[in-house]
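Let's take a walk through this structure together, one feature at a time. Keep the picture open beside you as you read.

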Amino acid sequence: MQAMIKIDRLRKDFGRFTAVDDISFEVNQGEVLGFLGPNGAGKSTTMKMITGYLPPSSGSVTVAGYDVAEHPLEVKRRIGYLPEGAPAYPDMTPADFLDFIAEVRGFRGKEKQRRVQDTVRQVSLEDVLHQPIDTLSKGFKRRVGLAQAILHDPQVLIMDEPTDGLDPNQKHEVRTLIGNMAREKVIILSTHILEEVHAVCSRAIIIARGRIVADGTPEELEAKSQWHNSVTLTLSPGKDSPEQVREQLEAMPGVARLETLPGHDNRLRYQLYPHAARPILADVSRMVHERQWEVEEMRQNQGRLDDVFRAITA
Amino acid sequence: MKGSNLWVLFKRELSAYFATPIAYVFIVIFLFLSGIFTFYLGGFFARGQADLLPFFSFHPWLYLFLIPALAMRLWAEERKSGSIELLLTLPVTVSQAVMGKFLAAWAFTAIALSLTFPVWITVNYLGEPDNGVILAGYLGSLLMAGAALAIGASISALTKNQVIAFVVSLVVTLVFILSGFPLVLDFFSGWAPQAVVDAIASFSFLTHFDAISKGVIDVRDIIYFLSLTAFWLFANITFLEMKKAD
């Protein structure tokens with residue numbers, strides 16, 4: 001099957017500055033792709049090129065088989081887009097605004113009413129339908145933006161920081177909404193919030209300085225962390241001296257490196273890093289058992305996306 | 001599909017004027033100033049003639065300030081708020097967006113202009129004017145307003161700052177008005193060949209508007225305004241495409 005979105009050697013220069021530098025990737029139906037990256041990494045610029053707002057300096061974007069440069073309208077009909085900051089027309093009410101969006105999307109009469117009503121219900125806008133968008137809270141403004149993006153039930157949904165500036169409840173609502181739509185659509189969203197990637201994304205791409213530096217499931221990315229499968233071990237002081245304990249742990253075949261962590265009340269704390277992220281928890285456990293050390297804490301670390309993010313984008 | 005999208009955009013733009021105080025402020029000031037110009041500065045009564053020449057002869061100067069004020073927000077505001085990104089990623093073409101905005105602004109000007117009808121009633125009450133000439137005056141005024149709006153709209157597309165859009169549009173409109181003014185023409189006529197002087201004069205709003213407002217409907221004058229409007233609308237589309245690329 002052909003990929004829903006195909007991005008081929010995409011590049012964008014602003015004068016001498018290269019915002020997006022030769023990016024290629026494909027996204028298939030059912031995928032929720034998270035775009036991660038520091039500010040100014042080229043996330044928004046890439047999204048603007050996919051939606052046809054910015055023309056690329058070179059390379060191509062194909063959505064549902066249509067090249068954005070050659071058939072912009074065919075592509076725009078299939079995309080729902082929430083630009084950064086969820087802009088709308090501040091003097092309009094959500095009711096008028098969504099009515100306008102529905103008409104531009106080609107809906108008339110009963111069908112238009114039904115679409116607007118369904119969308120309003122989906123994003124819970126009922127209470128503010130007739131207040132100027134200008135006077136709404138940030139959370140409601142974001143929902144108006146989401147509403148216009150999903151009103152025509154697009155095949156492709158592109159959202160630039162959909163949960164930025166929302167409170168935890170609102171974030172949860174938006175994520176649930178995204179989760180519900182995930183199966184029948186292609187969704188691309190950008191975010192700074194790494195926990196969000198876990199919550200909604202089936203795949204993450206990390207962009208830094210206009211290039212893709214990592215691409216995989218959130219779990220695969222975590223595995224790149226130096227902490228992945230490392231073991232944190234805390235022992236109560238016992239018959240073996242700290243030096244002996246340390247020597248024996250370092251002598252284990254699976255352990256590549258040992259780091260002594262600060263411990264309270266003479267506790268011994270270690271961070272054990274394995275060779276090539278191979279699990280060593282079982283070995284450590286056996287060693288502890290043989291030596292009859294008294295364990296206070298022993299756990300295997302997953303490695304956090306934050307660490308990976310910092311390590312590869314810094 | 002193509003035509004209906006233009007209609008949808010037109011409707012939204014036109015209703016946007018009335019959703020804010022813009023419409024009411026503009027209309028009141030337009031009527032107030034055209035009243036002052038006609039009756040006070042223009043000496044409508046003192047002339048003792050049943051025509052609307054003093055009314056129309058001030059329109060270029062009225063438009064000089066009011067049209068840039070009306071046009072300055074058209075694109076600059078969209079740029080500032082970011083809604084331009086929304087608009088241009090909807091399934092509409094750039095030319096539909098440009099035409100929708102322009103036609104709505106023009107229709108709004110036509111509404112304001114039509115509300116000057118009490119002046120027309122007054123002159124008909126006081127005497128027996130040539131209503132054909134008056135109709136021609138209205139037509140000429142509307143065409144001139146269209147050209148000025150097209151100038152203002154396309155300059156608005158170049159900036160997100162409405163003040164800059166206003167000032168630059170005002171200066172460009174002034175150039176188009178003044179190029180027919182004796183002050184400017186005298187400056188050239190001393191040394192430049194007559195053809196050049198004529199060419200400069202032919203670019204002026206005044207030259208073409210004066211003829212129409214006196215009831216002389218020359219196709220060339222109408223073509224002048226329409227082609228000037230078309231040129232600036234085309235520039236508007238080009239500016240938007242250009243600004244997108246960087």
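Start with the aromatic rings. This is a predicted model, and counting ring pairs whose centres lie within 6.5 Å gives 21 aromatic pairs over all chains. One of them brings together Phe18(B) and Phe108(B): the ring centres are 5.7 Å apart and the planes stand at 70°, so this pair is edge-to-face. Now look at where the two partners come from. Phe18(B) belongs to helix 1 of chain B (residues 2–19) and Phe108(B) to helix 8 of chain B (residues 94–114), so the pair ties together parts that are 90 residues apart in sequence. Their surroundings are worth a look too. Phe18(B) is partly exposed, with 32% relative accessible area, while Phe108(B) is buried at 0%.

Another pair to find is Phe55(B) with Phe56(B). Here the centres are 4.9 Å apart and the planes meet at 65°, so this one is edge-to-face as well. Both Phe55(B) and Phe56(B) are buried.

If you go back to Phe18(B) and Phe108(B), you'll find that they have company. Ring pairs join them with Tyr17(B), Tyr24(B), Phe26(B), Phe30(B) and Tyr63(B) in a cluster. Tyr17(B) has a further partner of another kind: Arg73(B) lies over the face of its ring, 5.1 Å from the ring centre. Chain A offers a similar sight, with the charged end of Arg257(A) sitting over the ring of Tyr273(A), 4.2 Å from the centre.

Next, some helix packing in chain B. Which helix comes within 9 Å of helix 5 of chain B, axis to axis? That would be helix 10 of chain B, and the two axes cross at roughly 35°. The crossing is right-handed. On the helix 5 side, the residues in contact are His59(B), Pro60(B), Tyr63(B), Ile67(B), Leu70(B) and Ala71(B). You may remember Tyr63(B) as a member of the aromatic cluster. Helix 10 of chain B answers with Ser141(B), Met144(B), Ala145(B), Ala148(B), Leu149(B), Gly152(B), Ala153(B) and Ser156(B). Sorted by class, this contact has 10 nonpolar residues, 4 polar ones and no charged ones.

Helix 10 of chain B (residues 131–156) also meets helix 11 of chain B (residues 162–178): their axes come within 9 Å and cross at roughly 145°. This crossing, too, is right-handed. Helix 10 brings Ala148(B), Ile151(B), Gly152(B), Ile155(B) and Ser156(B) to the contact, and helix 11 brings Ala165(B), Val168(B), Ser169(B), Val172(B), Thr173(B) and Phe176(B). The tally by class is 7 nonpolar, 4 polar and no charged residues.

Over in chain A, there is another helix 11, covering residues 305–313, where Leu305(A), Asp307(A), Val308(A), Phe309(A) and Thr313(A) are buried. What do these buried residues pack against? Their neighbours in chain A are strand 3 (32–36), helix 7 (194–200), strand 9 (203–208) and helix 8 (218–222).

Strand 9 of chain A leads on to a backbone oddity. In the loop between strand 9 and strand 10 (211–216) of chain A you'll find Arg209(A). Arg209(A) has a positive phi of about 50°, although it is not a glycine. Glu161(A) is not a glycine either, and its phi is also positive, at about 50°. Glu161(A) sits in the loop between strand 7 (156–160) and helix 6 (168–181) of chain A. Is each of them buried or exposed? Arg209(A) is exposed, at 62% relative accessibility, but Glu161(A) is buried, at 9%.

Finish with two aromatic residues of chain B that are out in the open. Phe187(B) lies in helix 12 of chain B and is exposed, with 56% relative accessibility. From Phe187(B) to Asp218(B) there are 31 residues along the sequence and 28 Å in space, C-alpha to C-alpha. Trp191(B) is in the loop between helix 12 (182–189) and helix 13 (194–202) of chain B, and with a relative accessible area of 61% it is exposed as well. The C-alpha atoms of Trp191(B) and Asn236(B) are separated by 36 Å, with their positions 45 residues apart along the chain.

Key:
Residues are numbered from 1 along each chain as its sequence is written. Chains are lettered from A and ligands numbered from 1 in the order in which they are written. This is a predicted model: local features need pLDDT of at least 70, side-chain atom pairs count only at pLDDT 80 or more; totals for chains, interfaces and linings use all residues. Side-chain values use heavy atoms; hydrogens and water are left out. Rings of Phe, Tyr and Trp (its six-membered ring) pair if their centres lie within 6.5 Å; planes under 30 degrees apart count as stacked, over 60 as edge-to-face and the rest as tilted. Helices (H or I, at least four residues) and strands (E, at least two) are DSSP runs, numbered from the N terminus. Buried means under 20% relative accessible area, exposed over 50%, partly exposed in between (1.4 Å probe, protein chains only). A charge sits over a ring if NZ of Lys or CZ of Arg is within 6 Å of the ring centre and within 35 degrees of the ring normal. Contact means heavy atoms within 4.5 Å. Axes are lines fitted to C-alpha atoms, for helices over the stretch in contact, and angles run from 0 to 180 degrees between N-to-C directions. A crossing is left-handed if the near helix is turned anticlockwise from the far one by less than a right angle, and right-handed if clockwise. Ala, Val, Leu, Ile, Met, Phe, Trp, Tyr, Cys and Pro count as nonpolar, Asp, Glu, Lys and Arg as charged, and the others, Gly among them, as polar.
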